[in-house]
Amino acid sequence: MPWVLSVLGLVILLLAGDALVKGAVNLSLRLGVPALIVSLTIVAFGTSAPELLVSIKAVFDNAPGIALGNVVGSNTANILLVLGVPALLATMHTSECNTRKTFNMMIIASLLFIALAMRGVFDLWAGFILLGALAFVLFDMYRDSRKHRHACKGADVGDLEEPEGADPDMPGWRIAVFLVLGLVGLPLGAGLLVDNASIIARAYGVSDTVIGLTLVAIGTSMPELATTVMAALRRQADIALGNVIGSNLFNLLGIIGVASLVGPITVDPEFLRIDLWVMFGASLMLIPFVYLGRDITRLWGILLCAIYAGYMAAILL
């Protein structure tokens, strides 16, 4: 039964996250928020809502291994699995993308995250530092979006892409329904997933950390995987790569930043020995695509998936 309830919680999380993004996007556009800013914030960070709710719930339940493993494991999965699987289906022409600035921010955020983890606990001070860094990133994104918007003033309206989930004809009652479903479903799904994942961990004699790095992390990475697969099939490599980098950036700064304000998150020494460095190493594997103009071919996809499978085997065995 715990496995069934965990899957049910995960399904509720994914559906509620999608509903919240749709509702928030259309409400923001209805209130006159520029589409570019909505794309950079609500859509990019909306896919991380499951991770946020799971980490907060885990802190309340005194399961720091799930809270931290969820973020570290999701970031690793986002690169190795979320980029690897779509590459098996279609080559992603990332050589045409310009994600260097966001990638640099992700690497700096990763190093900051690791440095704070070495203190042994993510407390209020660590939370304020991470959220301060996130505020700087958001301000920089806002400034860049304004420059981009100014440069696009002469373009036709049809040339400017609407954010994912945007529907100019969506009635107000439907927006309200999406928001309510998202706001109610996310904590409900997070509760089911965290509670039953902890039961599974105790039943199989493994730590909360292992469950956080595997079951919970893979599950909460499903929105990014779905988005990236569709982007790869549509030959939209910029969306695929940008989605992964943006999500990882928010996971590091926003999720643990907020969760550590709820309560202290102790760092399992195992994270410092292996898992944080695997996450950082996976991040560095993006250098050929970001800086050297390489496309993510099927061969790269096989390599990324094989590394992830090996990492999962090492954790479980």
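## Exercises on helix packing and residue environment

Helices α3 and α4 (residues 64–80) pack with their axes 7 Å apart and at an angle of about 155°. This is a predicted model, in which local features need pLDDT of at least 70, side-chain atom pairs count only at pLDDT 80 or more, and totals for chains, interfaces and linings use all residues. Residues are numbered from 1 along each chain as its sequence is written, and side-chain values use heavy atoms, with hydrogens and water left out.

**Exercise 1.** Classify the packing of α3 against α4 and list the residues that make the contact.

*Solution.* Axes are lines fitted to C-alpha atoms, for helices over the stretch in contact, and angles run from 0 to 180 degrees between N-to-C directions. Angles under 35 degrees count as roughly parallel, over 145 as roughly antiparallel, 65 to 115 as roughly perpendicular and the rest as oblique. The angle is about 155°, so α3 is roughly antiparallel to α4. From α3 the contact (heavy atoms within 4.5 Å) uses Glu51, Val54, Ser55, Ala58 and Val59. From α4 it uses Pro64, Ile66, Ala67, Asn70, Val71 and Ser74.

**Exercise 2.** Place Leu53 and state whether it is buried, partly exposed or exposed.

*Solution.* Leu53 lies in helix α3 (residues 49–60); helices here are DSSP runs of H or I with at least four residues, strands are E runs of at least two, and both are numbered from the N terminus. Buried means under 20% relative accessible area, exposed over 50%, and partly exposed in between (1.4 Å probe, protein chains only). Leu53 has a relative accessible area of 21%, so it is partly exposed. Not counting residues up to four places away in sequence, Leu53 touches Leu186, Pro187 and Ala190.

**Exercise 3.** Check the length of helix α8 (residues 172–204) and locate its bend.

*Solution.* The expected span is 1.5 Å times one less than the number of residues. For the 33 residues of α8 that gives 48 Å, and the end C-alpha atoms are 47 Å apart, which agrees. A bend is the angle between axes fitted to the seven residues ending at a residue and the seven starting there. α8 bends by about 25° at Gly185, and Pro187 follows within four residues. After α8 comes Gly205, with a positive phi near 70°.

**Exercise 4.** Is Thr214 of helix α9 (residues 208–220) buried or exposed, and which residues does it touch?

*Solution.* Thr214 has a relative accessible area of 8%, so it is buried. Not counting residues up to four places away in sequence, Thr214 touches Met312, Ile315 and Leu316.
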